[in-house]
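Thank you for making room for me today. Please have the sequence and the model open in front of you, and follow along residue by residue as I go.

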Amino acid sequence: MKLSNSFIAVKKISSPVLRSQFSEDKLTQTAELILKVEGIINPLILRIINAQSYEVVDGHFEYYAAARAKEIDPQKGEYIGAFVIDPDNEEVLQKQIELIRKREFGNNDVIENLESLTAQITELAESVKKIEMILNDKQEETKLKKLTVPQLRERAKQQKIAGYSKMNKDKLITAINNNLKS
């Protein structure tokens with residue numbers, strides 16, 4: 001078989017992905033579950049570096065959870081289930097991993113969809129703000145139309161609008177609205 005299932009000592013495994021990319025709480029929770037069942041449901045996929053070490057190809061989170069399990073209980077967490085890629089078939093198996101993981105989790109599609117949805121939500125939020133501003137302006141204009149000319153002049157005076165005393169009702173409303181917007 002080109003892909004062998006093995007139990008590998010956690011201390012012989014390394015990952016090119018930094019542990020800091022994962023939540024320590026989630027790693028600890030997963031580690032405790034690994035210890036309870038004495039194994040992992042999703043084996044790591046490893047490549048051979050040399051006779052004494054392996055590198056994670058897929059399952060970086062699982063690896064760090066296994067490493068956390070070893071920190072919690074060194075005896076129970078000493079070994080982890082893994083598939084070890086035959087070096088002669090590494091490229092083919094790497095393609096298979098990419099295709100299966102992308103299909104299984106829809107990583108790229110989900111990310112692209114989330115980015116698209118985020119952009120649409122942002123546009124929608126901006127449109128809602130504009131509509132709210134228009135409605136507020138209309139409400140304010142309606143309130144202003146109900147006021148008398150002397151009341152409008154008093155407001156214009158409070159807002160320090162130049163030339164308010166010579167304006168008619170429509171000009172006062174426009175001037176007050178423009179002053180509120182700025």
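Of the 182 residues in this chain, 29% are buried, and I should say at once that we are looking at a predicted model. The chain exposes about 12900 Å², and carbon and sulfur atoms supply 54% of that area. If we take the contacts between residues at least 6 apart in sequence, 69% of them join residues at least 24 apart.

How many helices and strands does the chain have? There are six helices and five strands, and if you read along the sequence you will find them in the pattern β-β-α-β-β-α-β-α-α-α-α.

Let me begin with α1, which has 14 residues and reaches 20 Å from its first C-alpha to its last, close to the 20 Å expected at 1.5 Å a residue. The buried residues in this helix are L27, T28, A31, I34 and L35. Why do these residues line one face of the helix? If you look down the axis of α1, its buried residues fall within an arc of 120°, so they line one face. It helps to remember that an α-helix has 3.6 residues a turn, so residues three or four places apart point the same way. On the other side of α1 you will find D25, L33, K36 and V37, which are exposed.

What do the buried residues of α1 pack against? They pack against α2, and that takes us to the second helix. Helix α2 covers residues 60-72, which makes 13 residues, and it reaches 18 Å from its first C-alpha to its last, close to the 18 Å expected at 1.5 Å a residue. Its buried residues are H60, E62, Y63, Y64, A65, A66, A67 and A69. These buried residues of α2 pack against α1 (24-37), and also against the strands β2 (13-14), β3 (44-50), β4 (53-58) and β5 (79-85).

Two of those strands deserve a moment of their own. β3 and β5 run parallel and are joined by four bridges, and within this pairing L46 stands opposite V84 in β5. Five of the seven residues of β5 are buried, so this strand is largely enclosed by the rest of the structure.

Now I would like to turn to the aromatic rings. The count comes to three aromatic pairs. One of them is formed by F22 and F61, whose rings are edge-to-face, at 5.6 Å centre to centre and with 70° between the planes. This pair links distant parts of the chain, since F22 is in the loop between β2 and α1 while F61 is in helix α2, 39 residues apart. F61 itself is partly exposed, with a relative accessible area of 25%. F22 also pairs with Y64, and here the ring centres are 5.9 Å apart and the planes are at 45°, so the pair is tilted. Because F22 lies in the loop between β2 and α1 and Y64 lies in helix α2, this pair ties together parts that are 42 residues apart in sequence. Is Y64 buried or exposed? Y64 is buried, with a relative accessible area of 10%. Taken together, F22, F61, Y63 and Y64 form one aromatic cluster.

Next, please look at the backbone at two places in the loops. E38, just after α1, takes a positive phi of about 55°, although E38 is not a glycine. This residue lies in the loop between α1 and β3, and E38 is exposed, with a relative accessible area of 58%. K160 also has a positive phi of about 55° without being a glycine. K160 lies in the loop between α5 (149-158) and α6, and K160 is exposed, with a relative accessible area of 75%.

My last stop is in helix α6, residues 169-181, where you will find N177. Why does N177 count as buried? The relative accessibility of N177 is 9%, and the cut-off for buried is under 20%, so N177 counts as buried. Which residues is N177 in contact with, leaving aside its neighbours within four places in sequence? The contacts of N177 are with D137, E140, E141 and L144.

That is where I will stop, and I am glad to take questions.

Key:
Residues are numbered from 1 along each chain as its sequence is written. This is a predicted model: local features need pLDDT of at least 70, side-chain atom pairs count only at pLDDT 80 or more; totals for chains, interfaces and linings use all residues. Side-chain values use heavy atoms; hydrogens and water are left out. The expected span of a helix is 1.5 Å times one less than its number of residues. Buried means under 20% relative accessible area, exposed over 50%, partly exposed in between (1.4 Å probe, protein chains only). Contact means heavy atoms within 4.5 Å. Accessible areas come from the Shrake-Rupley method with a 1.4 Å probe; for residues, only the protein chains shown count as cover. The arc is that of the directions from the helix axis to the C-beta atoms. Rings of Phe, Tyr and Trp (its six-membered ring) pair if their centres lie within 6.5 Å; planes under 30 degrees apart count as stacked, over 60 as edge-to-face and the rest as tilted. Two strands pair if DSSP finds at least two bridges between them.
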